[in-house]
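Colleague: Could you take me closely through one part of this assembly, setting out what surrounds it and what it touches? I would like one connected account rather than a list.

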Amino acid sequence: MNDLLVEAHGVQKAFNGVRALEDGRLSLRRGSVHALCGGNGAGKSTFLSIVMGIAQRDAGEILFKGRSVNFQSPAEALANRIAIITQELSPIPGMTVAENLYLGREPRRAGVLVRFNALVRKAQDLLDRLGFPVNARARMSSLSLAQIQLVEIAKAFSHDCDVMIMDEPTSAIGERETEVLFNAIRNLTAQGAGIVYVSHRLSEIFQIADDYTVFRDGRYVDSGRIADIDRAYLVSTIVGRKLNVAEKTRRPVGEPVLESTKLSRAAEFKDISLTVHRGEILGVYGLMGAGRSEYLNCVYGLTRPDSGEVRLKGRVLPAGQPRKAIQAGLSLVTEDRKETGLVLSASVRDNISFSAYRRLSRLAFINRRKVRTLVQSMIERMQIKTGSASLPVSSMSGGNQQKVVLARCFSTDPSCLLCDEPTRGIDEGAKREVYRLLDDFVSKGGAAIVVSSEAQEILDVSDRIAIFKSGQLVSLIDGHTTTQEDLLHLAS
Amino acid sequence: KTIRIGAAVYGLKGEFMQMWTNALKAHPAVKDGTVQITVFDGNYDALTQGNQFDTMITQKYDAIIFVPIDKAAGAAAVAKAAAANIPVIGSNTRVSGDKLTSYVGSDDVVAGRMEAEAIVKAIGGKGNVVIIEGPIGQSAQIDRSKGIQEALSKTPDVKVLEHKTANWSRAESLGLVENWLTGHPGQINAIIAENDDMALGAIQALKSKGIDPKKVPVAGIDGIVDGISAVKRGEMTTFFQDSQAQAQGAMDVALRAVLGASYKPRSDIWAAYGEKMPWGDGTAKSYTVPWTQVVPANAEEILKRIPKSH
Amino acid sequence: MNTQTTSLNAPVAQSRAAHMREIYRRYGIVAVLIVLCIVLSFSNPYFLTLGNIADILRQTAINGILAVGMTYVVLTAGIDLSVGSILALAGIISGSLVTGGHPHSAIVGIGAGLAVGAAVGAVNGLLVARLSIPPFVATLGMLSAARGLTFIYNDGMPVTDLPDSYLWIGTGAIAGVPVPVIVFALVVAVFWFILRYTTYGRYIYAVGGNAKSAKTSGISTRKIIFSVYALGGLLAGLAGIILAARTTSALPQAGMSYELDAIAAVVIGGTSLTGGSGSLGGTVVGALLIGVINNGLNLLGVSSYYQQVVKGVIIVGAVLLDASRKKQ
Amino acid sequence: MNTQTTSLNAPVAQSRAAHMREIYRRYGIVAVLIVLCIVLSFSNPYFLTLGNIADILRQTAINGILAVGMTYVVLTAGIDLSVGSILALAGIISGSLVTGGHPHSAIVGIGAGLAVGAAVGAVNGLLVARLSIPPFVATLGMLSAARGLTFIYNDGMPVTDLPDSYLWIGTGAIAGVPVPVIVFALVVAVFWFILRYTTYGRYIYAVGGNAKSAKTSGISTRKIIFSVYALGGLLAGLAGIILAARTTSALPQAGMSYELDAIAAVVIGGTSLTGGSGSLGGTVVGALLIGVINNGLNLLGVSSYYQQVVKGVIIVGAVLLDASRKKQ
Ligand SMILES: Nc1ncnc2c1ncn2[C@@H]1O[C@H](COP(=O)(O)OP(=O)(O)OP(=O)(O)O)[C@@H](O)[C@H]1O
Ligand SMILES: Nc1ncnc2c1ncn2[C@@H]1O[C@H](COP(=O)(O)OP(=O)(O)OP(=O)(O)O)[C@@H](O)[C@H]1O
Ligand SMILES: O[C@@H]1[C@H](O)[C@H](O)CO[C@H]1O
Ligand SMILES: [Mg+2]
Ligand SMILES: [Mg+2]
């Protein structure tokens, strides 16, 4: 019996005549986890969506269990026991979790009647079995981003499959949930299934993967056993050059920039008093649902606090007015770029400039030269991979979309930057670049709050770390002396 | 006790029905409070009118004056009211069947015939005409088209170049006639419009194409204010549809049906028409209000007969 | 452990709150309707009579039936502007079959009317689902084309002298309840059941909520979209038959601009024009609200011009009250 | 280094291809329009005459002006059903000021008409932006209410005898070009410029594309939404003035169901009803296409009945051709 579940080679795909994928290659062994690695825009998602039948290839061959296949729709792939967790989450907001999970496969009576009780029971069983804290009766629209991602994961697991494709399944969830996911993955591989795993969190790859394949600029460049390589090798293969990791240094800390006093919002967070100073990065760590995102959103003015206030450079910020917050010097990288960060149908140029247009115009007339300069410099600084600044953001790879959000936030010259999972889906090379930008930014007198679910990231960037638990600030520790173990311990 | 009479009219968006309504409200019996009148706007929809009949029957109105959007569809509503012993007097537009207590109106077939004849005469019995029709399927359109057809069928030298609806609309007619004038340059000798609004649109079209409207005879129907002004300027002729006679005549006949033989008509229209439209004892099945052609000579006098509000 | 408990409890609490909100959301407009009825019953002694209630229901039936079909369409994020024209075409073809020299039975006429409606709806469905024409354009084209065909079919003349057996569906009554009301109720019951309890119904929500996800889940979004237009056409055909029977003749100009009232009922009832959320119950309440407004304004003898102003204000006001309740 | 080069070259190539696609996407409907014009010019010798072209432009001006405002509204994912009623109300108030016992100058009348349009549009804007009423409901209410006010204002009668100075805006010409066409061209130029080159224009796209993201980016979504309805009202007022001047009287029933043609022009022009994407150029082409269809059908003498069928088929066909070109 063939030990290979999937063999693909020479897979090509062009969008409007431009190659997104030139040579996609991958061999997935039965019972293994195969990490597909590559920088943003390397063609990973494109390749995987072809395997799944979401997109059609232009050339190349894909063998599934030794048989040549060319799926025309995801339904066909599913019927062949291949499932996927796509990078872009796309829930059906008006329906319940249970309905989303078993859409198209509802337990039925007489072939057409949905057995709702059985459906909910089945869904809740699945979620409980996986250890995901989600209510099967809840509407998708009431879930947090993290919960939506858990539902998507559960959905993939609900299919009996031999191959499971996971395109950045952990980008929105915390380490605890990641651990739960890994256990489920191990169960699956133990039964002989193969998993294609994509993540820009390289530590995950070394934790779970058996094999790896690297794409760069749409081409296969390398593959092998994880056991045979180290992190530095993987990074340099992905990026195509050596990366030197900058040492974190202590910067001189100045006067307070942003202060929140006793900020509270019912059912979200309570009595949060925090101060960030010039030259400082404050990390915020916590488990999923700890209320970190809600806190940042409220500070920025996307929601109004029930009590408490926020001061920027000593002046009270008007509640609930992001526009005023931006004018005062605040900027927010939101957690969910698709929902609240980007206008997908608008161009890269517009998306980078939306917040800055006011600054780049006179009497409402946009100074196109200034815009071009800004956009060009942002594209270079963030290493945004795009054909043209006029293209809609929706045509970009996930990581590149995230970089556009960052670019927009830097474009207003803020004095204080709020970042919620700023490197979500960003590749290792660009991540370093983002850290360097942040470092640069605070070194020049800025201040930043960074929320991240990656303990390593928090440790890499923070001068001080605030730990949230169930909506409360439980401790505030020094970021230069803390270890990963300390963090996890304090947060749980 | 005040008498409650409902007037269900097909629609209040056009000027003619507005005049009709004003005349109804100016009836002496309404002014002195003998009658309480409620006007229902049928919004050009047979179902809406049917619904309004239901409401009037439920509320036990004493009589109904009915201007239907459609002859055939109106019959059902009338039958229902008749079954509830509510007299229904038709006005302006006929209803099929024989359930109407009486009908006071003008004959649209006659109007169509008269305006076509006037146009034929104006072009010396020879030439090309275009016809602008009302909304297809509406009674006034059907009857007026029929009358026009009848008249033109007798004059083989008059050729109909185009005919099409402009839905009683001045703006629509304007565009339509502009295009016709382009498509038949110098060939359109006269324009027959089934109402004044469309005739006025046609005159505008002539002007916008740089044609002197006096050179191309235009005929309309209704005698609305703008139409009569245009007649005075010598730009068209029209056929005055006496809204006052239709509305107040119907009111008198309705009151006769409610109050009995002792009732004597109170509107001055009966005196004005005299033998041309005799009251009799107020129980005739049908009263036909004659048409009057409006020409520059009588324009001023007819303008005075247009019912104003208040 | 503590966190675990909170996070496990939270969803339930959330769900209960969400449930209450859901009830408000769905039934807030009911409160508005009830308040309106109370006001009207104090303003006019006839309002709450049995006869008037029958009037309201009868008057709501046609728009209600159209609005049921429209709800399906709107739930898939579509729109159907052609229902008024389909109504007229189905009415006149159906009517022509039961009259004239060799009249067919009422059953045949009604069957043909329904078939015509469904067929024209199916063309809409093909244009939208298969040829990817935006629903607004496809059904606007049909609004015009089907109306033209209606005029062509009988040369612009109405079909009159419909036989009594046919008229029964518009004017008859069973145990005092008008037949159109019974038909409306049946339509609501069947379509509500389908929407709520069958996979097809759930897929309609799925397609409207997120067509991409629905497709990824193996749902044939095309078939679903096609079918809602066909069903919408079928119901428009039914409405056309009832309307012809009520007015005792099939008119070529019947149903003009009925699409606006049907869409209004759907939207007032809380269904979102962007698809994926809403309910048939809301639509029924929306249609009743429109019916009550029209009836009430006529009962009170509000003059036509003021009626339009008042009607506009009430529609906006009703949705506003509904929206403000939702916010609470 | 090699890799570096490819990735630097690729964008350029991509950009050029994307650019071509963009041109197709935007101007595919132009090809349809051109083909239609060629067919018509072979079918009728007068079609391509200067006089007829002036006719088409003049006849397109009113719908075109409405469609420009509608484009802004639709780009924010809204809809404005009330433009026809606003047109009539503005026309009649404006007209009443320049006639009667103490007539004001045409300038005052025109200013007042524009102000009325903008004010009614602003009410729409408030309902949608501030009170969160769905645009369909808010403007449907206004469709009814503003029409009622129009009839109330002058007791259902038209305002006649408008002075020549006023009529000029509808019937005059400058260097042979009709004034309505000039006004239309100016409106298009100004609104196109705003949409393309000002912050406000870009914000309209942002709000329609994703209101939440726009808000996060510091855009005052409410103000933008409010303003597009106010501007839409202003343009409807302008259209009302021109229409009154063109028909030499301000009619209370003017502009009925004009909203459908305006929305059709927008959608045929490729602007998505879900907001965020589209262009004013497309709308102008869409409006011209509708104008050419009407003109052509009149020129060819297609009968009333068939005209509607043909019009429906052409509208759908045009969008279909456009869509299939996009797919290639
Ligand atoms: N629909 C599309 N239209 C045009 N270009 C596209 C489209 N989808 C992807 N691309 C391009 O294809 C390339 C590969 O994208 P892909 O999403 O496969 O990258 P990826 O490796 O998954 O990156 P990431 O890690 O950021 O998710 C990118 O340059 C992207 O811009
Ligand atoms: N696992 C969960 N169990 C219960 N409620 C949750 C859970 N996850 C999220 N929530 C709800 O969502 C709110 C915040 O969720 P969210 O996940 O955005 O918070 P967070 O602290 O920013 O965490 P993260 O960004 O890491 O996911 C919580 O206050 C809670 O009401
Ligand atoms: O007689 C009237 C007028 O012609 C009006 O313009 C339309 O309806 C008819 O009944
Ligand atoms: Mg990807
Ligand atoms: Mg979060």
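Modeller: I will take chain B, beginning with its interface to chain D, where the area buried between the two chains is about 2,500 Å², with carbon and sulfur atoms giving 50% of it. On the chain B side, the residues that lose the most area to chain D are Lys13(B), Lys164(B) and Asn179(B), and together they account for 24% of what that side buries. Please keep in mind that this is a predicted model. Counted by residues, the interface brings 32 residues of chain B into contact with 35 residues of chain D. Elsewhere in the assembly, chains C and D share the most contacts among the 5 pairs of chains that touch, whereas chain A and chain B have no contact at all, their closest C-alpha atoms being 37 Å apart.

Chain B also surrounds ligand 3, and here the shell can be named in full: Tyr10(B), Phe16(B), Asn92(B), Arg144(B), Trp168(B), Asn195(B), Asp222(B) and Gln241(B). Sorted by class, that shell consists of 3 nonpolar, 3 polar and 2 charged residues. Within the shell, Tyr10(B) places a polar side-chain atom 2.6 Å from an oxygen atom of ligand 3, while Arg144(B) has a polar side-chain atom 2.7 Å from an oxygen atom of the ligand. Gln241(B) likewise has a polar side-chain atom 2.7 Å from an oxygen atom of ligand 3. Of the 270 Å² of accessible area that ligand 3 has on its own, the protein covers 93%.

For comparison, it may help to set beside this the surroundings of ligand 1. There, 19 residues form the shell, and Gly41(A), Lys44(A), Ser45(A), Thr46(A) and Gly399(A) are the closest; by class, the shell has 4 nonpolar, 12 polar and 3 charged residues. Among its polar side chains, Asn40(A) has a polar atom 2.9 Å from an oxygen atom of ligand 1, Ser45(A) has an N or O atom 2.7 Å from an oxygen atom of the ligand, and Thr46(A) has one at 2.5 Å from an oxygen atom of ligand 1. The protein buries 85% of the 630 Å² that ligand 1 exposes when taken alone. Ligand 1 lies between domain 1 (4-91 + 143-239) and domain 3 (340-412) of chain A, because both domains give residues to its shell.

How values were computed: Residues numbered from 1 in each chain as written. Chains lettered and ligands numbered in written order. Predicted model: local features only at pLDDT ≥ 70, side-chain atom pairs only at ≥ 80, totals over all residues. Heavy atoms only, no water. Near = heavy atom within 4 Å. Polar contact = N/O pair within 3.5 Å; in protein donor to acceptor, adjacent residues only side chain to side chain. Areas by Shrake-Rupley, 256 points an atom, 1.4 Å probe, with all protein chains shown as cover. Nonpolar A, V, L, I, M, F, W, Y, C, P; charged D, E, K, R; others polar. Domains from an automatic or database assignment. Contact = heavy atoms within 4.5 Å. Buried area = accessible area lost by both parts, 1.4 Å probe.
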